[in-house]
Amino acid sequence: MQELVELYFDGVDEKKEYEKNVLSVIQECFKEEKLEKLNLSISITLTTPENIRKLNKQYRNMDKETDVLSFPMFEKYEIDEIVQNKEKQPVKETIGDIVISIQKVEEQAKEYGHSFERELSYMLVHGFYHLMGYDHIEEEDKKKMRPKEEKILDKLKIIR
């Protein structure tokens, strides 16, 4: 199987359960969006609230902690073209970077009353769909993005 994920730990302990969770969720995302046979990958960094705050300030001019940041390398139409022209797929490309605050995942899992696995999985799926060009600021966009996220989590049997 091709290497789908480059996983980095920045200021947090490396844990096998994180790696297993990340890989299973991203594999399902790639499968659902028909990307699994393409020469694409994602970079994922699990980090601290302080580090994600710095990134949020640097790239979004927001001086606050957040749970997940996504940095897409392509516009949605470009991803669609890559999928349609899969036989012309060039060298391996990263579709983007996802950065997740592990402490925020822990806090939100408690706040929402579900497992750490469920919250981390949701952050991964949420970040993935941002890389794919989806958003949730406008209600119409949210109506497209949310069902995609829930479908992945349902397939993996990761429930609230």
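## Starting at S115

At 35% relative accessibility, S115 counts as partly exposed, because that figure falls between the 20% mark for buried and the 50% mark for exposed. You'll find S115 in the loop that links α4 to α5. For a sense of distance, pick out D80 as well: 35 residues separate S115 and D80 in sequence, and their C-alpha atoms sit 33 Å apart in space. One thing to keep in mind while you look around is that this is a predicted model.

## The chain as a whole

How many helices and strands does the chain have? The tally is 6 helices and 4 strands. Start at the N terminus and the order of elements reads β-α-β-α-β-α-β-α-α-α. So strands and helices take turns up to the fourth strand, and the run then ends in three helices.

What about the overall dimensions? The C-alpha trace spans about 45 × 35 × 35 Å along its principal axes. The radius of gyration is 15 Å, which agrees with the value near 15 Å for a compact globule of 160 residues. Of those 160 residues, 44% count as buried. The chain exposes about 9,300 Å², with carbon and sulfur atoms supplying 47% of that area. Contacts also reach a long way along the sequence: take those between residues at least 6 apart, and 70% of them join residues at least 24 apart.

## The largest pocket

Now for some empty space. Rolling a probe the size of a water molecule over the atoms shows where such space is left. The largest pocket in this model has a volume of about 620 Å³. Which residues are closest to its centre? They are R60, V68, H130, D135 and H136, out of 26 residues that line the pocket.

Three elements each give two or more residues to that lining: α2 (49-60), β3 (68-72) and α5 (116-131). Of the elements, β3 gives the most, with 5 residues. Sorted by class, the lining of the largest pocket holds 12 nonpolar, 6 polar and 8 charged residues.

## Two residues of helix α4

Helix α4 covers residues 102-112, and Y112 is found in it. Is Y112 buried, partly exposed or exposed? It counts as partly exposed, because its relative accessibility is 47%. Look for R160 too: Y112 and R160 are 48 residues apart in sequence, yet 8.4 Å apart in space from C-alpha to C-alpha.

Q108 is found in helix α4 as well. Its relative accessible area is 12%, so Q108 is buried. Leaving aside residues up to four places away in sequence, Q108 touches D67, E119 and M123.

## N21 and its contacts

Next stop is helix α1, residues 16-32, where N21 lies. With a relative accessible area of 6%, N21 is buried, because that is under the 20% cut-off.

What does N21 touch, not counting residues up to four places away in sequence? The list is E117, L120, S121 and L124. Of these, S121 makes a handy one to find in the structure: N21 and S121 are 100 residues apart along the chain, but their C-alpha atoms are separated by 7.0 Å.

## Two positive phi angles

Here's a backbone detail to look for. Most residues other than glycine have a negative phi. K34 is not a glycine, although its phi is positive, at about 60°. The place of K34 is in the loop between α1 and β2 (40-47). K34 is exposed, because its relative accessible area is 58%.

N61 also has a positive phi, about 55°, without being a glycine. Its loop is the one between α2 and β3. Is N61 buried or exposed? With a relative accessible area of 68%, N61 is exposed, because that value is over 50%.

Conventions
Residues are numbered from 1 along each chain as its sequence is written. This is a predicted model: local features need pLDDT of at least 70, side-chain atom pairs count only at pLDDT 80 or more; totals for chains, interfaces and linings use all residues. Side-chain values use heavy atoms; hydrogens and water are left out. On a 1 Å grid over the protein atoms alone, a cavity is a set of points where a 1.4 Å probe fits but cannot get out, and a pocket is an open set with protein on both sides within 12 Å along at least five of seven lines; lining residues have an atom within 4 Å of a point. Grid points are joined across faces, edges and corners, and a volume is the space filled by probe spheres set on the points. Ala, Val, Leu, Ile, Met, Phe, Trp, Tyr, Cys and Pro count as nonpolar, Asp, Glu, Lys and Arg as charged, and the others, Gly among them, as polar. Buried means under 20% relative accessible area, exposed over 50%, partly exposed in between (1.4 Å probe, protein chains only). The radius of gyration is taken over C-alpha atoms; the globule rule is 2.2 Å times the number of residues to the power 0.38. Contact means heavy atoms within 4.5 Å. Accessible areas come from the Shrake-Rupley method with a 1.4 Å probe; for residues, only the protein chains shown count as cover.
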